[in-house]
Amino acid sequence: MGVSDTNRVQLAYVEETSFGQQVTGSNLQTLRHTGETLKQETGIQVSQEIRSDRQIADVARTSIHASGQINYEMSYGAYDDLLAAALLAADWSTPETVGPITTIAAVASGNTFTDSGNGFAALDVGQWIRVSGFTKPANNGFFKLMSVAAGEIVVSGGTLEDESAGPTVTITQGGQIVNGTTKTSFNIERTFSDLSGERSLFTGMMVDTLALNAALNAMITGSMGFIGSREESLAASGGTGYDAAATGEVMNGVDDIAGLLENEVSVNAQSLGLNLANNLRAREKLGHLGAFDMGTGTVNVTGTLEAYFESATMFDKYLDYTATSLSLVLLDGAGNAYVIELPNVRFTDGSRQAGAQNQDVLANLSFQAFRHATEDVTIRIARFPAA
């Protein structure tokens, strides 16, 4: 009898149409991963019956639920379904593109782009855009829309330089997801590819937690924590086949971070950690084994930032309890990008200590994100496929 190797374990998922029910007749999406801890938890109750022979009369199964993590290395397009589910977002919004046209100019005063053709009306305040085609590098890149009119947009996230219309410029507003209230559950199938007819099926699986970590000398990594209904063994998949996973490069903390911004200003940092928790809870009822539904709680987004201490400007926001924002721009070698933004955060802990000789002084900060009063958002993720 053969023994299964972890290197031969395949994970795949498909969105459920009915919570906790196996999906059949559809392809499953293969999932890239670096390890997983999915399992069924079983609650038991030991009989309290008193017997003269000192033996336990019975052990009853009183509850089950599924849980565990799937670990990943960040790669464009590989986790978009699960990112949307983690934010309880209904779906990614539809991108908008202006151009390529020659009527757009950059104006340093007010940090604005102007369009004599009045082509900006479809863009939306608060979202992120990608600009390309200008001669001056400062006018290209990723910016946040602070105000929008048909002929003029005001942006943050970079400092524009004066450049007249003439170059062929394209402005793309990326598709985005924000924290919402839409519950999405999945079948997750684990196949032991080196064994014949050995599979696990997890049903009713919802993303409860999401982590992302960017650090020096490392891949950009993370994990997704799931809560679900149950696990069962399968001899064959209920799907009709498998869709291949996206093949984008694994992102790392040197080549693929195009920007780390605090209050839309670039920060020199050694690490950023981000954690999201949906505070899900399994709903159980008499006469039903396993969860029949999932309850949702408060979206709680926290994290840590380890930045070089260069001035008191950012650290004073901790001391004075001043709200700010944080944004991370990821850009792979093929030109695919994500912008992960927390538009309203407070630093909840901080230090800037001289720990020992021959070291840099670091501002070690913890933060808590919360609702932005005008944008009505706690977390936003925008995506930009390569042009």
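Q: How many bridges join strand 15 to strand 17, which run antiparallel?
A: This is a predicted model in which residues are numbered from 1 along each chain as its sequence is written, local features need pLDDT of at least 70, side-chain atom pairs count only at pLDDT 80 or more, and totals for chains, interfaces and linings use all residues. Side-chain values use heavy atoms, with hydrogens and water left out. Strands are DSSP runs of E with at least two residues, helices are runs of H or I with at least four, both numbered from the N terminus, and two strands pair if DSSP finds at least two bridges between them. L201 of strand 15 stands opposite E232 in strand 17, and the number of bridges joining strand 15 to strand 17 (residues 230–234) is five.

Q: Which residue in strand 16 is the bridge partner of L210?
A: Strand 15 pairs with strand 16 (residues 221–228) in the antiparallel sense, over seven bridges. The two strands form a hairpin with five residues between them, and in its turn N217 has a positive phi of about 60°. Within this pairing, the strand 16 partner of L210 is M224.

Q: Which residue stands opposite L212 in strand 21?
A: Strand 15 also pairs with strand 21 (residues 269–277), in the antiparallel sense and over seven bridges. The residue of strand 21 that stands opposite L212 is L274.

Q: Which residue takes a positive phi in the hairpin of strand 14 and strand 15?
A: Five bridges join these two antiparallel strands, and T191 stands opposite R199 in strand 15. The hairpin has six residues between the strands, and the residue with a positive phi, near 70°, is G197.

Q: How many of the 17 residues of strand 15 are buried?
A: A residue counts as buried under 20% relative accessible area, as exposed over 50% and as partly exposed in between, with a 1.4 Å probe and protein chains only. By this criterion strand 15 is mostly covered, and of its 17 residues the number buried is 14.

Q: Which strand gives the largest share of the largest nonpolar core?
A: A nonpolar core is a set of buried Ala, Val, Leu, Ile, Met, Phe, Trp, Tyr and Cys residues joined through side-chain atoms within 4.5 Å. The largest one has 56 residues, and those with the most contacts inside it are M74, L87, I188, M224, F226 and F367. Its largest share, six residues, comes from strand 15.

Q: How many residues make up the second, separate core?
A: Contact means heavy atoms within 4.5 Å, and M224 touches, among others, I70, Y72, L82, L83, V207 and L210, with residues up to four places away in sequence not counted. Apart from the core with M224 in it, there is a second, separate core that includes V98, F134, F143 and V155, and its number of residues is 16.

Q: What is the average twist from one strand to the next in the open sheet of seven strands?
A: The sheet has the order 6-12-9-10-11-8-7 with antiparallel pairing. Strand 6 and strand 7 (104–107) each have a single partner strand, so one side of each is left without a neighbour in the sheet. Strand axes are lines fitted to C-alpha atoms, with angles running from 0 to 180 degrees between N-to-C directions, and from one strand to the next the twist averages 30°.

Q: Which residue in strand 12 stands opposite V131?
A: Strand 9 (residues 128–132) and strand 12 (residues 169–173) pair in the antiparallel sense over four bridges. Opposite V131, in strand 12, stands I171.

Q: What is the omega of the cis peptide bond that joins G99 and P100?
A: Most residues other than glycine have a negative phi, and most peptide bonds are trans. P100 lies in strand 6 (residues 96–101), and the cis bond that joins G99 to P100 has an omega of about 5°.

Q: What is the relative accessible area of E264?
A: E264 lies in the loop between strand 19 (257–262) and strand 20 (265–266). Although E264 is not a glycine, its phi is positive, about 65°. E264 is buried, because its relative accessible area is 16%.

Q: Is T184 buried or exposed?
A: T184 has its place in the loop between strand 13 (175–178) and strand 14 (186–192). Leaving aside neighbours within four places in sequence, T184 is in contact with E15, A85, M205 and M206. Since its relative accessible area is 12%, T184 is buried.
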